[in-house]
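Colleague: I'm new to reading models like this one. Could you walk me through a few features?

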Amino acid sequence: MDVIVLSRIQFLLTTVFHYFFVPITIGLSIIVAIFQTVGYVKKDEAYTKLSIFFGKLFIVNFAVGVVTGIIQEFQFGMNWAGYSRFVGDIFGAPLAIEALAAFFLESTFIGVWLLGRNKLSPKVHNLSIWLVALGSTLSAYWILVANSFMQHPTGYSLNGGRAEMTDFAAVIFNQHALLQFAHVVVTALLTAAFFVMGISAYRLLRKKNADIFAKSFKFSVIVGLIFVIASAFTGDLQGKFLVKEQPMKIAAAEALWDTAQPAPFAVIAGIDEANQKNTFEIAIPNLLSFLSYNNFTGEVKGIKDLQNEMSAELGDGNYIPPVAATFWSFRLMIGFAGLMLVLCILALAKWKNNRFTDSKFLLGASLAAISFPYIANTSGWMMAELGRQPFIVYKLLTLDNAVSTTVAPGWVIFSSVGFVLIFVIAAVADVVLIKRIAKEEIKEEARK
């Protein structure tokens, strides 16, 4: 394999593994803050204990997430020299702000929160966990500002083969960043809700502190239901934006080879990329037009027409992304979101009959469903990144111009093996610690 393929594999490994920890860190920090605040305001010892219990799980995920984030930055510097040179002027400001302000805020107040219990006043200690949550959330925004320049470049000019920032406000208020931030925060809360639901279900199955974990299970069902619906809403807004700004991504996600008016939504399809056609498909008439424009008759451009348009605009080349991978990653995301919705509704039905804590099926399914948002998040990220290929910065920089040309394939393989070893160690440590904490009896005395 050549350097570009190996570098893409390494990028996939490092980014997917790092992104396992980003949404859970953001969402769990907020949920822990809510538990602690409820415990403080209502003087409810159960919620205070829940904040301590899930706070430990938050710390484990945060620590592993930091390690994986550092590795991700290493691989950028090693394998993507052309990319680093091209976007360096754009990325410098948002990434510096992320490190100096958001991450600093988060890291500092994690220490205050961990060490300040029973040493600070309850009000100040409660404020510290909210500042942790604020830092986690702001950190995500600045990272998304950088990513959104790759998806929808704004506020720049080209000079000597580099993108230079000309409008800071246009960069940080990039419409793509705002839409993506809303979707990421919503899915982060969804991820954390299913994590809390699954851990609570585990404790209820073991009948350990059942009175306490019945509260967190109920809470997470409500939060999960709210944010799985919100994820569909924010995802729909992103989709409508992409129809205008990245129509090829939408066409690939739908395996829509020919322009259609009205356009159907393909539920499943047999995709023949070599011959640019679908061998079969099961489709819902007019639905893609509705999802694109909120009407049932709008025209949606197909891959072939968009390829011709981009060739005329950018010069000869293949501007078609990997269609099958984009199509199926989109459906995996939707499918697992649908499963989460069904599980929340089932839990509500059991709740209504006051039988949810006795249903081994519901509790077992909730435990298994911890993985659902991770699969949906990863699939959604793959659709977003694959769908803009062959560009690493949309319409400005292609992958083959972004990769480091002086790094030999053997070195990429060597560094990839090293990264995978670190990931395996981190994953094992993460699972062992989470399992150990999940089994812990809640004995710690909460603040009176």
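Colleague: Which residue follows helix 2, and what is its phi?

Modeller: Helices here are DSSP runs of H or I, at least four residues, numbered from the N terminus. Right after helix 2 comes Lys-43, with a positive phi near 55 degrees. Keep in mind that this is a predicted model, where local features need pLDDT of at least 70, side-chain atom pairs count only at pLDDT 80 or more, and totals for chains, interfaces and linings use all residues. Residues are numbered from 1 along each chain as its sequence is written, and side-chain values use heavy atoms, with hydrogens and water left out.

Colleague: How do I check the span of helix 2?

Modeller: Take 1.5 Å times one less than the number of residues. Helix 2 covers residues 22–42, so its 21 residues should span 30 Å, and its end C-alpha atoms are indeed 30 Å apart.

Colleague: Is helix 2 mostly covered or mostly open?

Modeller: We call a residue buried under 20% relative accessible area, exposed over 50% and partly exposed in between (1.4 Å probe, protein chains only). Helix 2 is mostly covered, with 15 of its 21 residues buried.

Colleague: And what does Asn-126 touch?

Modeller: Contact means heavy atoms within 4.5 Å. Leaving out residues up to four places away in sequence, Asn-126 touches Ala-33, Gln-36, Thr-37 and Tyr-40. Asn-126 itself sits in helix 5 (residues 122–151), and its relative accessible area is 8%, so Asn-126 is buried.

Colleague: Which side chain makes a polar contact with the side chain of Asn-126?

Modeller: That's Thr-37, at 3.3 Å. A polar contact is a pair of N or O atoms within 3.5 Å; within protein, one must be able to donate a hydrogen and the other to accept it, and residues adjacent in sequence count only if both atoms are side-chain atoms.

Definitions and conventions. Helices (H or I, at least four residues) and strands (E, at least two) are DSSP runs, numbered from the N terminus.
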